[in-house]
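Me: Hello! I am new to this structure and would like some help reading it. Could we go through it together, one feature at a time?

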Amino acid sequence: MTPKQFDYYSPASLNEAIQLLKTKDEAKVLAGGQSLLALMKLRLAAPKNIIDITKLQGLSYIKEDKDYLAIGALTIHDMLEQSAVIKSKFTILNDAASKIGDQQIRNRGTVAGSVCHADPAADLPTALTAADASYVVQGPSGQRIIAPKDMFVDIFTTALGHDEVVTEIRIPNFPLRTGSGYIKHSRREGDFAIVGVGTVVTLGDGNVCKDVRIALGSVNTTPMRAKSAESYLRGKKLDDKTIAEAAEKGPEGADPPSDMHGSREYRLEMIKVFIRRTMKLALSRIN
Ligand SMILES: Cc1cc2nc3c(=O)[nH]c(=O)nc-3n(C[C@H](O)[C@H](O)[C@H](O)COP(=O)(O)OP(=O)(O)OC[C@H]3O[C@@H](n4cnc5c(N)ncnc54)[C@H](O)[C@@H]3O)c2cc1C
């Protein structure tokens with residue numbers, strides 16, 4: 001199918017983009033187009049106005065700051081895959097980005113696009129939740145920062161206003177002795193996740209778990225933290241038995257769907273398996 005007719009705008013500045021979003025009826029931002037255009041072609045979305053932000057300058061970058069890593073909204077998935085700083089320090093994002101669709105998708109799709117689309121089965125929203133990312137947003141009344149726990153509101157729904165644009169994603173620098181990993185469980189390479197799990201773990205003295213964040217994807221309407229498993233691990237020495245015991249608590253709060261890729265029961269079991277595996281992967285990456 002072809003999309004319904006729409007008016008197309010290519011603003012020259014972020015302010016112009018925001019004004020267009022504010023004043024035009026049923027307006028939508030276009031970034032990589034890898035999710036929005038598919039929805040439009042299927043007529044599941046029919047925005048009257050498309051605001052193409054891809055020509056905006058200065059929104060495609062990965063920069064190290066004193067306190068955090070900053071990723072510009074228009075940074076494509078492939079840049080996360082290739083970035084040396086992400087490979088060495090924020091490996092979880094490299095794991096997630098490198099498993100998205102295929103190379104063509106990764107050459108066009110943007111990090112903020114994946115976040116704003118808020119597909120609960122998407123890889124980056126889960127990995128970013130585990131990484132405790134915040135979202136810098138620009139709207140008609142200025143800039144605000146959306147906290148990690150507030151961004152994903154419901155299936156395909158974020159905390160973003162209709163006239164706001166995500167400009168940057170900020171990931172707090174991981175403390176020393178931190179390891180991270182994301183594993184996507186899918187039927188075939190490049191498929192969406194049946195279950196996706198991201199883990200960031202920090203060790204203290206004597207290999208005791210000082211802090212841990214475990215995020216689950218594809219098992220609820222939004223990415224979710226496995227809070228019971230996290231609490232169980234904190235303060236404990238991380239051996240196989242403790243990790244397995246924590247993983248048993250992983251499904252608490254999850255409400256996965258049953259579909260052609262896997263039943264609800266299968267997904268609940270896979271949460272446990274992939275918590276164990278990502279914990280071990282993250283721990284293996286601590287220097
Ligand atoms: C065949 C195929 C396979 C795929 N496989 C996977 C996969 O395995 N894993 C996975 O995670 N994803 C997958 N995707 C989705 C892909 O990651 C998309 O790139 C991503 O979901 C959307 O990014 P985009 O830049 O293309 O956004 P767009 O499609 O341009 O936009 C998506 C949504 O975000 C909004 N938006 C975009 N940028 C901003 C912004 N800066 N501020 C405010 N709103 C914004 C748009 O208005 C729209 O609502 C796949 C897509 C396809 C077509």
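Reply: Happily! Let us start with an idea for the ligand: a polar contact is a pair of N or O atoms within 3.5 Å. Keep in mind that this model is predicted.

Me: How far does a polar side-chain atom of serine 35 lie from an oxygen atom of the ligand?

Reply: That distance is 2.7 Å. Threonine 110 also has a side-chain N or O atom 2.6 Å from a ligand oxygen. With glycine 32, a backbone N or O atom is the partner, 2.8 Å from an oxygen of the ligand.

Me: How many residues surround the ligand?

Reply: There are 33, and the closest are Val29, Gln34, Ser35, Leu36 and Thr110.

Me: Now the helices, please. How are two packed helices described?

Reply: By the angle between their axes and the distance between those axes. Here, α11 (residues 240-248) packs against α12 (residues 264-284) at about 140°, and the axes are 8 Å apart. The two are therefore oblique to each other, and their crossing is right-handed.

Me: Which residues make the contact?

Reply: From α11, they include Ile243 and Ala247; from α12, Ile275 and Met279 are among them. The contact residues divide into six nonpolar, five charged and no polar.

Key:
Residues are numbered from 1 along each chain as its sequence is written. This is a predicted model: local features need pLDDT of at least 70, side-chain atom pairs count only at pLDDT 80 or more; totals for chains, interfaces and linings use all residues. Side-chain values use heavy atoms; hydrogens and water are left out. Axes are lines fitted to C-alpha atoms, for helices over the stretch in contact, and angles run from 0 to 180 degrees between N-to-C directions. Helices (H or I, at least four residues) and strands (E, at least two) are DSSP runs, numbered from the N terminus. Angles under 35 degrees count as roughly parallel, over 145 as roughly antiparallel, 65 to 115 as roughly perpendicular and the rest as oblique. A crossing is left-handed if the near helix is turned anticlockwise from the far one by less than a right angle, and right-handed if clockwise. Contact means heavy atoms within 4.5 Å. Ala, Val, Leu, Ile, Met, Phe, Trp, Tyr, Cys and Pro count as nonpolar, Asp, Glu, Lys and Arg as charged, and the others, Gly among them, as polar. A residue is near a molecule or strand if one of its heavy atoms lies within 4 Å of it. A polar contact is a pair of N or O atoms within 3.5 Å; within protein, one must be able to donate a hydrogen and the other to accept it, and residues adjacent in sequence count only if both atoms are side-chain atoms.
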